[in-house]
Amino acid sequence: MTLFRLIHYKAQKNKCRPPVEIFYKKYLEIDKTFNFGAFNATKPLTMKKLFAILALVGVLASSSLYGQDSAAAEPAAQEPVETATADTSTPDAEEDQSFHEVLKDQFIAGGAEYMTPILICMIVGLAISIERIITLNLATTNTKKLLGQIEDALSKGGVNAALDVTRNTRGPVASIFTQGLMRYHEGIDMVEKSIVSYGGVEMGRLERGLIWISLMISLGPMLGFFGTVVGMVIAFDTIEKAGDISPSIVAGGMKVALITTVGGLIVGMVLQVLYNYLVAKIDGLVNNMEDASISLVDLLVKHKLVK
């Protein structure tokens, strides 16, 4: 009876609203805060949203990396020492390690304080690169088909019909066409100037984010070399304290130091490939915009809409 009275009291306090209405009200408050309702799946993802998603995935992946290592270390500390027969099977067990386990071991061997910044550079660079790839692919337009639709619209409904076609088409080419068609009554010179000016604006939007990818390409290897230099300093300090230049001490210190260089070079190579792909994609889109702009002016002259 006490539990029933408590539930009844809470229901009266909420004006007897069913739980569905309470959850719906809470959803509206969250939607008002983050504006989820304004998201359109047909529009390209913004860099902030995609970068936040990929950065969160990278953080979760790195945290699971440390979690698996700590979880694997606890049972290993509790196991008794095996016999000589078990020691002979150790190389086979090492050979059976997966690529993920080997990568995790090398990451830990390189030192978390030096490998973590390199991993952050990799995550940031990949996030921006993937966002740019998606955006540029969505910005690609079939210009021949679009010009055919504009010519048909000009023949049937004039400039207003052509504007409806360009406004309902996604991509920088359609945006440039819209700016040119909106100024057709001001003469061909003004149409060309508006196309050139807005083309520069669209080109700047296409190149957005490339400077950060370039920064990660340079910063990743530099952080790797920094970790190598610090590791070599620590190795020589260990040799000085030991008073002996034994191969095991030198090789161990050098191995740990060079792992950071390998990590930095991997970051630089992967991001450099993606950067060159993005630059080539942008060059293709810019050339496509220039050719399409010339064709649009020819269409306006053909239909005697500009002088």
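Which side chains meet in a salt bridge at 3.3 Å, N to O? In this predicted model, in which local features need pLDDT of at least 70, side-chain atom pairs count only at pLDDT 80 or more, and totals for chains, interfaces and linings use all residues, the side chains are those of Glu202 and Arg205. Residues are numbered from 1 along each chain as its sequence is written, and side-chain values use heavy atoms, with hydrogens and water left out.

The protein contains 12 helices and zero strands, where helices (H or I, at least four residues) and strands (E, at least two) are taken as DSSP runs and numbered from the N terminus. Along the sequence, the order of elements is accordingly written α-α-α-α-α-α-α-α-α-α-α-α. Of the 307 residues, 30% count as buried, a term that denotes under 20% relative accessible area, whereas exposed denotes over 50% and partly exposed the range in between, with a 1.4 Å probe and protein chains only.

The packing of helices was examined for α8, α9 and α10, with axes defined as lines fitted to C-alpha atoms, for helices over the stretch in contact, and with angles running from 0 to 180 degrees between N-to-C directions. Helix α8 (residues 143–167) packs with helix α9 (residues 172–182) at an angle of about 30°, and their axes are 12 Å apart. Angles under 35 degrees count as roughly parallel, those over 145 as roughly antiparallel, those from 65 to 115 as roughly perpendicular, and the rest as oblique; α8 and α9 are therefore roughly parallel to each other. Between α9 and helix α10 (residues 188–206), the axes come within 8 Å and cross at roughly 150°, so that α9 and α10 are roughly antiparallel to each other. A crossing is called left-handed if the near helix is turned anticlockwise from the far one by less than a right angle, and right-handed if clockwise. The crossing of α8 and α9 is right-handed, and that of α9 and α10 is right-handed.

Salt bridges were assigned where a side-chain nitrogen of Lys or Arg lies within 4 Å of a carboxyl oxygen of Asp or Glu, and by this rule the count comes to four. One of them joins the side chains of Glu151 and Lys302 at 2.9 Å, N to O. Because Glu151 lies in helix α8 and Lys302 in helix α12, this pair ties together parts that are 151 residues apart in sequence. Glu151 counts as partly exposed, at 26% relative accessibility, whereas Lys302 counts as exposed, at 55%.

Two further salt bridges each lie within a single helix. Glu202 and Arg205, the pair introduced at the outset, both belong to helix α10 and are three residues apart, about one turn of the helix. Glu202 is buried, with a relative accessible area of 7%, while Arg205 is partly exposed, with a relative accessible area of 43%. In helix α11 (residues 210–242), Lys241 and Asp237 are four residues apart and are thus separated by about one helical turn; the closest N and O atoms of their salt bridge are 3.4 Å apart. Lys241 counts as exposed at 69% relative accessibility, and Asp237 as partly exposed at 34%.

Helix α12 (residues 247–302) also contributes to a nonpolar surface patch, to which this helix gives the most, with five residues. The patch covers about 520 Å² and is made by Phe225, Val262, Leu265, Ile266, Met269 and Val270. Patches are made of residues with over 30% relative accessible area and no salt bridge, like charges being joined within 9 Å and nonpolar side chains (Val, Leu, Ile, Met, Phe, Trp, Tyr) within 5 Å. The accessible areas come from the Shrake-Rupley method with a 1.4 Å probe, and for residues only the protein chains shown count as cover. Among the patch residues, Met269 is placed in helix α12 and counts as exposed, at 54% relative accessibility.

Two other positions in helix α12 were considered with respect to residues that precede them in sequence. Ala251 lies in this helix and counts as partly exposed at 46% relative accessibility; Ala251 and Ala235 are 16 residues apart in sequence and 9.0 Å apart in space, C-alpha to C-alpha. Lys255, likewise in helix α12, is exposed, with a relative accessible area of 54%, and Lys255 and Met232 are 23 residues apart in sequence and 9.5 Å apart in space, C-alpha to C-alpha.
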